[in-house]
Amino acid sequence: MFTEELKAFRRLGFRHVLLQALNFASVIASGLMIWKGLGLVTNSESPIVVVLSGSMEPAFYRGDLLFLTNPIHERYHTGDITVYKIPGADIPIVHRVLETHDAKSRGPTHNQRLLTKGDNNDVNDIELYRGLDYLERKHIVGKVRGFLPYIGYVTIAMNDFPQLKYALLGGLGLLALIQRE
Amino acid sequence: MHSVYARVNNISALLSSCVMGLLAAIALSSVVLSLFEAPLEGGQVLVKGVKVTHGRGRQYQYEHATVAFEIDADLTPLFNWNTKQLFLYLDAEYTNSKGVKNAVVIWDRIVRRREDAQIHVEGRQKYAFRDKTGFRDAAATYTLRYNVMPHVGALVYGAAGRTNGSVAFPALNSHNV
């Protein structure tokens with residue numbers, strides 16, 4: 001099955017394999033740099049997120065891709081859609097701001113407390129806050145600015161079926177090593 | 001050069017860049033369309049009555065406000081081919097006696113079709129409107145705001161109407177609403 005490839009491998013020699021490995025590494029490194037660069041520009045630890053639950057339907061469905069920013073000097077408003085992460089909970093949540101409370105601020109960031117709610121939920125999120133009464137600015141990952149439907153479903157599929165992830169990674173790795181152009 | 005792999009690779013690359021270009025064009029088109037659309041006018045928010053009471057039971061430490069309001073607005077200009085839905089919400093903004101600036105959504109509605117974008121609502125708030133400090137000497141401005149959610153592209157926010165001036169909260173009265 002792979003005899004052809006193996007033959008090609010031998011013909012091209014060790015240097016070629018090394019070169020391909022280098023190419024592969026540079027692709028991964030530039031992906032990582034773009035991601036971290038985006039994080040710097042948007043001031044958000046994760047500037048692109050995939051919707052994982054149906055609590056914002058019909059605005060967002062599972063697998064939709066959201067683009068976030070988190071400008072440090074900007075306050076949040078009611079109606080903004082935020083992504084927040086409560087310490088101890090591993091999954092970030094995408095919900096809409098229902099209440100804002102701005103006390104006088106002493107630092108550069110706003111001393112703002114927020115209450116959120118999912119469009120598709122009947123009650124607000126206090127139950128999700130693990131004992132907190134309100135969200136604070138430090139819990140907020142970002143504000144949703146833009147929206148691209150369905151694209152993120154690939155990652156959900158890879159989470160639901162890990163075999164798919166390994167098959168894809170393995171396939172990509174193999175291709176990167178044996179392609180000859 | 002002309003292997004199956006190369007061909008599949010070329011075709012899928014072309015296809016995905018075409019789809020991305022198309023999506024970008026659609027997202028841009030709604031920005032352009034919004035420049036030409038007629039401005040919203042005639043949106044009205046009327047607050048017909050506000051009542052302040054103590055919460056009951058575990059809620060006793062809060063003062064609760066009950067707001068009766070009427071909304072009239074025509075939001076049909078906000079619908080174009082890239083509008084998935086409108087999220088409408090009535091926002092109460094006030095500063096309490098401790099100097100904390102508050103904004104609270106007391107009512108909302110999702111509008112998914114152009115035919116439903118003529119809004120006439122007479123009613124009370126949907127969500128709890130409460131403050132631990134209390135509403136004493138405070139006055140709130142009520143604003144009808146919207147969030148246009150596109151099929152693809154940027155989220156847009158705006159206001160469609162507000163009360164004339166601010167509406168003062170009445171003094172705290174009985175426990176019964």
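Chain B contains 1 helix and 10 strands. Along the sequence, the helix comes at the start of the pattern, which reads α-β-β-β-β-β-β-β-β-β-β. The model described here is predicted. The radius of gyration of chain B is 23 Å, whereas a compact globule of 177 residues would be near 16 Å. Along the principal axes, the C-alpha atoms of chain B occupy a box of roughly 85 × 35 × 25 Å. Buried positions account for 28% of the 177 residues of chain B. Among contacts in chain B with a separation of 6 or more, 71% join residues 24 or more positions apart.

Residues 12-36 of chain B carry the UniProt annotation "transmembrane region", taken from an unreviewed entry. In the model, this span of chain B is 100% helix and 0% strand. The C-alpha atoms at the ends of the span lie 36 Å apart.

Chain A has 3 helices and 7 strands. Its elements are ordered α-β-β-β-β-β-β-β-α-α from the N terminus on. One helix therefore precedes the strands, and two helices follow them, under the DSSP assignment of elements. For chain A the radius of gyration is 22 Å; a compact globule of 181 residues would have a value near 16 Å. The C-alpha box of chain A, taken along the principal axes, is roughly 70 × 35 × 25 Å. Of the 181 residues in chain A, 22% are buried. Pairs 24 or more positions apart supply 58% of the chain A contacts with a separation of 6 or more.

A "transmembrane region" is also recorded for chain A. UniProt places this feature at residues 12-35, again in an unreviewed entry. Residues 12-35 of chain A are 100% helix and 0% strand in the model. Their end C-alpha atoms are 34 Å apart.

The two chains touch. The contact involves 25 residues of chain B and 19 residues of chain A. On the chain B side, the elements that give two or more residues are β3 (83-95), β4 (101-111), β7 (139-150) and β8 (153-154). Strand β4(B) gives the largest share of that side, with 6 residues. By class, the chain B side comprises 15 nonpolar, 6 polar and 4 charged residues.

Strand pairing also crosses between the chains. Strand β4 of chain A, residues 93-102, pairs with β4(B). The sense is antiparallel, and the pairing extends over 4 bridges. At one position, A:His101 has B:Asn102 of β4(B) as its bridge partner. Strand β4(B) thus appears both in the bridges to chain A and as the largest contributor to the chain B side of the contact.

The largest nonpolar core holds 57 residues. The members that touch the most other members are A:Val94, B:Leu86, B:Leu90, B:Ile106 and B:Tyr146. Strand β3(B) provides the largest share of this core, 7 residues. B:Ile106 has contacts beyond its neighbours within four places in sequence. These partners are B:Val67, B:Leu90, B:Ala92, B:Gln125, B:Lys126, B:Tyr127 and B:Phe129. One of them, B:Leu90, is itself listed among the core members that touch the most others.

Technical notes
Residues numbered from 1 in each chain as written. Chains lettered and ligands numbered in written order. Predicted model: local features only at pLDDT ≥ 70, side-chain atom pairs only at ≥ 80, totals over all residues. UniProt positions renumbered as here; feature names shortened; annotations may be inferred. Rg over C-alpha atoms; globule rule 2.2 N^0.38 Å. Buried ≥ 20, exposed ≤ 12 C-beta atoms within 10 Å, placed from the backbone. Contact = placed C-beta atoms within 7 Å. Nonpolar A, V, L, I, M, F, W, Y, C, P; charged D, E, K, R; others polar. Pairing = 2+ DSSP bridges. Core = buried A, V, L, I, M, F, W, Y, C linked by C-beta atoms within 7 Å.
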